[in-house]
Structures are given as structure tokens and as C-alpha cells.
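This report covers strand pairing, an aromatic pair and a buried lysine. The sequence and structure come first.

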Amino acid sequence: MKSLQGRVVCSTNDKTVAVEVVRLAPHPKYKRRVRKKKKYQAHDPENQFKVGDVVQLEKSKPISKTKTFVAVAVVSKDSTRVTKNVPQELGLPLEGQQASE
């Protein structure tokens with residue numbers, strides 16, 4: 001099974017988060033791709049995830065009747081990019097700095 005990734009929709013329970021996983025699947029009759037949503041209960045031992053966080057679900061042994069996944073933090077693609085200011089590295093002033101001089 002491919003690892004699941006989704007968004008936390010509920011974190012009110014202690015050590016448990018509800019994660020909504022969205023996938024695209026073809027419609028049986030019209031063959032158009034439609035969004036299918038499913039909610040999974042995942043174990044969050046430190047209560048670190050809040051509503052709206054993107055998490056990855058890892059399969060584990062059953063923790064309770066409904067929990068068989070552990071929520072793991074996902075590094076978002078935006079935070080992995082390092083933004084470099086090329087003008088500062090070259091010693092060139094930015095546009096806003098030129099007007100003030």
C-alpha cells in the first residue's frame with residue numbers, strides 16, 4: 001500500500017487525530033476523474049498536530065479499534081525551498097533601496 005497523506009480535520013481527542021485523505025478516481029460511468037475523500041483515525045502521541053496540518057500516515061499495528069495508523073509530520077514543499085536574494089549576494093541594492101538613496 002502506498003503511504004497516505006492528508007489534512008487533519010479534527011484533533012479534539014487525546015492522542016488521536018482525524019485525517020482526511022483525498023484521492024482522484026475515475027467515475028464508473030462517465031470516466032471523469034472525481035475526488036474521493038476518506039477519513040482515517042491516526043495516533044498522535046504528543047498531541048502536536050492541529051486542524052489544517054498536512055500529515056503522512058504510516059501503517060502500524062492496531063492501537064485501538066479504529067486506529068491503525070500513526071501520524072507523521074510532512075515537510076511542506078514551500079518550506080524546503082531556500083529563498084536566496086541574489087541581488088544581496090552580488091552587493092546590488094534592491095529596488096526599494098534604490099528609491100530611498
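Which residue in S4 does Arg7 stand opposite? Arg7 stands opposite Val54. The model is predicted, with local features requiring pLDDT of at least 70 and side-chain atom pairs pLDDT 80 or more, while totals for chains, interfaces and linings use all residues. Residues are numbered from 1 along each chain as its sequence is written, and side-chain values use heavy atoms, without hydrogens and water.

Strands here are DSSP runs of E with at least two residues, numbered from the N terminus; two of them pair if DSSP finds at least two bridges between them.

| Strand pair | Sense | Bridges |
|---|---|---|
| S1 (residues 4-10) and S4 (residues 54-59) | antiparallel | 4 bridges |
| S4 and S5 | antiparallel | 5 bridges |

In the pairing with S5, Glu58 stands opposite Val70.

The whole structure holds 1 aromatic pair (Phe, Tyr or six-membered Trp rings with centres within 6.5 Å). Tyr40 and Phe69 form this pair, at 5.2 Å centre to centre and 70° between the planes, which is edge-to-face (over 60 degrees). Tyr40 belongs to strand S3 (residues 33-43) and Phe69 to strand S5 (residues 67-73), 29 residues apart. Both Tyr40 and Phe69 are buried (under 20% relative accessible area, 1.4 Å probe, protein chains only). Lys59 lies over the face of Phe69, 5.0 Å from the ring centre (NZ within 6 Å of the centre and within 35 degrees of the ring normal).

Strand S5 also contains Lys67. Lys67 is buried but has no salt bridge (a Lys or Arg side-chain nitrogen within 4 Å of an Asp or Glu carboxyl oxygen). Its nearest side chain of opposite charge, Asp14, is 8.4 Å away. Beyond its neighbours within four places in sequence, Lys67 has contacts (heavy atoms within 4.5 Å) including Lys15, Gln41 and His43.

Methods. Rings of Phe, Tyr and Trp (its six-membered ring) pair if their centres lie within 6.5 Å; planes under 30 degrees apart count as stacked, over 60 as edge-to-face and the rest as tilted. Buried means under 20% relative accessible area, exposed over 50%, partly exposed in between (1.4 Å probe, protein chains only). Lys and Arg count as positive and Asp and Glu as negative; His and the chain ends are not counted.
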